[in-house]
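Trainee: I have a structure to look at and no idea where to begin. Can you walk me through how to read it?

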Amino acid sequence: MMKSTFFSRLACGSALFFLCHLTPLAAQTLAPDEFLGYALGERFTPHHRLVSYVAHVASTNGNVEMVPYGTTYEQRPLLVAVVSSPENMANLENIRRDNLRRAGLEPGDPTTRIPIIWLSYNVHGNEAVSSEVALKTLWELVNPANATARKWLENTVVIIDPCLNPDGHERYVSWYTQKANKRMQPDPQSAEHAEPWPGGRPNHYLFDLNRDWAWQVQQESRARVNLYHRWMPQVHVDFHEQGVDAPYYFAPAAEPVHALVSDFQREFQEVVGRNNARYFDEQAWLYFTREVFDLFYPSYGDSWPMFNGAIGMTYEQGGSGRAGLGILTALGDTLTLADRIRHHYTSGMATIETVAGHADRLLDEFTRYFGEGGAHPGGKYRSFVVKPGASPERLSALKRLLDRNGIRYGQAGGNHTKQRGFDYFTGKAAAFTLEEGDLIVSTYQPKGVLAQALFEPNPALSDSLTYDITSWALPYTYGLQAYALETRLEADAVPDTVFRQLPVTANPVAYIVPWTSVQHARFLAALLNAGIRVRFAGRPFSVSGRTYPAGSLIIGRAGNEQGDFHGRVAALAGAHEVPLEPVTTGFVDSGKDFGSAEVRAIRAPEIALIGGNGTASLHVGEVWHFLEQELDYPLSVLEPDMVASADLSRYTVIILPPGNYRNWGEETLAKLSAWVAAGGKLIVIEGAVEYLSGKSGFGVSPYLTQTEKQAAEKAQEVEKAAERTIDFKSRERARISDAVLGAVFEVRMDASYPLGFGTGGTYYTLKNSGQRFAYLKDGINAGIIPDMSYHRSGFVGAKAKERLASSLVFGVEHRGRGQVVYLVDNPLFRGFWEYGKLVMSNALFMVGQ
């Protein structure tokens, strides 16, 4: 491969090639330093100026197109720049559609041979160097002095997303600009190197967008993936930063690599990595490959593109939000923003060079990926059947996720047939009957690999030292009975997606809505926001020939006489696509009549979320987003330091997310305990359960008895003694035996208690910790893991397996007139665990009523 001239400007000095210009600039187009008024690396560029520069380049160059694709929650624009040669730009729509034809997403044969490379910058807002690099890269691709880059563009289309997370970027840049000294201050103890809570990494709702590619919980992710599907690039690079002292990282990735990643994808990562290394070696820049950053979890900016036929890669530069404009490393060297720009720019341009030099093979392998994958899919399973069961609403939610990912599906028709497949609920092969309305997902389709990756019940781990969770199978996520088949099964009916409200009987006594999904919780929240009184059945009942489970909503005329009751309820039900079932009597056939004390009124909760310095920002964001964006329900957010002086009587529910509450003294805990006793409901999530363990007024503990505690402590001492003689390199492997890396367990739920309403007695939890809690002595053990036969999928270390039998997952203590709800496993994990949202809704609206 010929050495590129854009790397030959080192004679200009330490500023390297991108801070000096040896030839006149393009007519009307300004380089970033001329447009911004400062050299890249001297300061961080605010988002609105990033947008302005992209617009400037697009307006002055016929071979650049700026494409807006959405907005953030804080109303900042999301956009990409599409760059190629003038000839390619004139034929851009055909090139784009040809790429979809190669993927089997559009009919016809392609007539062009131009690969697409997509460069994504700044998905983590405080890894802000990459947005600066985006400006430099965009400039060099139009710079008339860079003849080599112009040559590459004859053979490629380059898509540049300068900032995937504008809200996080702006949070970081605004803070840093306020704190930065006049002169660069590399002292790590200086204030500009101590980013405050929550940091710039997440978006507005404090989500990590780099873990949201498949789930698309956040609107930035949904907008980006929608645009991605219009292009389906051959190569996608996600630019990041890591710790200050880390050398540069680029592909190939570390193990475990998912088994569905193709041989060519692995091979081409190596090709790209070696070309990157060539340029880094010329400058004697340190780097590493095949460590830390694996390709297993399917929702990253490198792995999700892989399952969509691309070569997905992560590039990591040392620095991140702590580095600022410059910081002293552990070796006493000063790592500057200019250094970081230089490294990311070099790897990005070297990757474009690699793509341009291997255009034909990339296109051929891309076509083969989808052609052979659709005709002869790899992996063990060929089709997946999902049953709606008692909750067609949860199945509808699954369909929406499949739609967002471009995965095709159908449903079974009226012919009932016997089939055999892996039963997700039992973890064993079983016979079942395919029934009308069952959802069928075949892997014989363009997105077959992605479908396999998301449905695979127990993906094989080549190495247990993985970077993220190890199980995410959609049937567990949505709590739906499903089967994985090793044989091909195609749908013979098209799903009916049109919502139709049932006819309303004239002047019914009440409307009934079964309680089985978060869709019903959204409807309930809308009713409460509208001031409509709602009750729920504490026990199952039957009326007018139909049977309803405990938790079913009863929306009666009694107490709702003001205004157009029927019209208001019907309008809200239609907006939330919830079928209303009218009844003309409150006299039930079985169970409790509507006037019974067992049919309880739902008081609209007044909710406070503890969120601020010391709390885990991502977990705070999960609750915040769930309440505001999914339920559209109001809440207050209290800083942890405010609790001691706050008037807690204003709230009926307080949510305590994971965090460090060590600054809370006994008085604060006593205040919370007294608030519970007076009728408050405290919902405690994951790590916060550990914080309250053993505290006065709270009965949760890792051990049920003192004898059990002493036996566990003795066993731990024996383990520690054995570990002291393990050689150093083996200790990490030894520690993994204590870990639980996002494993799925079946949970036995008490469906007669409000926390278990709608679950039918079974829940599937995603466990991210080996921390174990015993059953409550004086409380309701609403969700438990009786023994390790309840483990369904994902990695659980040997020692963790010994502990997790007979352990608590969800429990409630009744204290005075209030309750403490313990959610040992986070039901809102990353916002994608759909079944958990029902449990959280139970905790908010049902428990304690």
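Mentor: We will go through helix packing, salt bridges, cores, buried residues and backbone oddities in turn. Keep in mind that this is a predicted model.

Trainee: Let us begin with helices. At what angle do the axes of H4 and H8 cross?

Mentor: Two packed helices are described by the angle between their axes and the distance between the axes. Here, take helix H4 (residues 92-102) and helix H8 (residues 219-231). Their axes come within 7 Å and cross at roughly 90°. That makes H4 roughly perpendicular to H8.

Trainee: Which residues in H4 and H8 meet?

Mentor: From H4 come Leu-92, Arg-96, Asn-99 and Leu-100. From H8 come His-229, Arg-230 and Trp-231. Sorted by type, the residues of this contact are 3 nonpolar, 2 polar and 2 charged.

Trainee: Next, salt bridges. How many does the count come to?

Mentor: Side chains of opposite charge can pair when their charged atoms come close. The count for this model is 36 salt bridges. One of them joins Arg-76 and Asp-167, at 2.9 Å from N to O. The pair links distant parts of the chain, 91 residues apart. Arg-76 sits in the loop between strands E1 and E2, and Asp-167 in helix H7.

Trainee: Is Asp-167 buried or exposed?

Mentor: Asp-167 counts as buried, because its relative accessibility is 1%. Its partner Arg-76 is partly exposed, at 22%.

Trainee: Where do Arg-546 and Glu-581 lie?

Mentor: Arg-546 is in strand E22 and Glu-581 in strand E24, 35 residues apart. Their closest N and O atoms are 3.0 Å apart, in a salt bridge. Arg-546 is partly exposed at 44%. Glu-581 is buried at 10%.

Trainee: Which residue forms a salt bridge with Glu-746?

Mentor: Arg-792 does, with the closest N and O atoms 2.8 Å apart. Glu-746 lies in strand E30 and Arg-792 in strand E33, so the pair ties together parts that are 46 residues apart in sequence. Both Glu-746 and Arg-792 are buried.

Trainee: Which residues are linked in a network of salt bridges?

Mentor: Look at Glu-127, Arg-201, Asp-208, Arg-211, Asp-468 and Arg-830.

Trainee: Now the interior. How many residues has the largest nonpolar core?

Mentor: In soluble globular proteins, nonpolar side chains tend to be buried together. The largest nonpolar core here has 154 residues. Ile-655 and Leu-844 have the most contacts inside it. Ile-655 touches Leu-844 itself, and its other contacts include Ile-607, Val-623, Ile-683 and Met-840. Apart from that core lies another, of 61 residues, among them Cys-163, Val-173, Met-349 and Ile-352.

Trainee: Why is helix H14 called largely enclosed?

Mentor: Count its buried residues. In H14 (residues 448-455), 8 of the 8 residues are buried, so the helix is largely enclosed by the rest of the structure. They pack against several elements, including helix H12, helix H13 and strand E17.

Trainee: What does Leu-363 touch?

Mentor: Start with its place, which is in helix H12. Leu-363 counts as buried, at 0% relative accessibility. Its contacts include Asn-99, Arg-113, Pro-115 and Gln-234. Its C-alpha atom is 9.9 Å from that of Pro-233, though the two are 130 residues apart along the chain.

Trainee: Where is the place of Asn-126?

Mentor: Asn-126 is in the loop between strand E3 and helix H5. This loop residue is buried, at 9% relative accessible area. Among the residues it touches are Tyr-172, Glu-195, Arg-201 and Glu-241.

Trainee: Last, the backbone. Which residues does a cis peptide bond join, with omega about 0°?

Mentor: Most residues other than glycine have a negative phi, and most peptide bonds are trans. The bond joining Trp-197 and Pro-198 is cis. Pro-198 lies in the loop between H7 and H8. Another cis bond runs from Glu-255 to Pro-256, with omega near 5°. Pro-256 is found in strand E7.

Trainee: What is the phi of Ala-284?

Mentor: Ala-284 has a positive phi of about 60°. This residue lies in the loop between helix H9 and strand E8, and it is exposed at 65%. Val-292 also has a positive phi, near 70°. Val-292 lies in the loop between E8 and strand E9, and it is partly exposed at 46%.

Conventions:
Residues are numbered from 1 along each chain as its sequence is written. This is a predicted model: local features need pLDDT of at least 70, side-chain atom pairs count only at pLDDT 80 or more; totals for chains, interfaces and linings use all residues. Side-chain values use heavy atoms; hydrogens and water are left out. Axes are lines fitted to C-alpha atoms, for helices over the stretch in contact, and angles run from 0 to 180 degrees between N-to-C directions. Helices (H or I, at least four residues) and strands (E, at least two) are DSSP runs, numbered from the N terminus. Angles under 35 degrees count as roughly parallel, over 145 as roughly antiparallel, 65 to 115 as roughly perpendicular and the rest as oblique. Contact means heavy atoms within 4.5 Å. Ala, Val, Leu, Ile, Met, Phe, Trp, Tyr, Cys and Pro count as nonpolar, Asp, Glu, Lys and Arg as charged, and the others, Gly among them, as polar. A salt bridge is a side-chain nitrogen of Lys or Arg within 4 Å of a carboxyl oxygen of Asp or Glu. Buried means under 20% relative accessible area, exposed over 50%, partly exposed in between (1.4 Å probe, protein chains only). A nonpolar core is a set of buried Ala, Val, Leu, Ile, Met, Phe, Trp, Tyr and Cys residues joined through side-chain atoms within 4.5 Å. Lists of a residue's contacts leave out its neighbours within four places in sequence.
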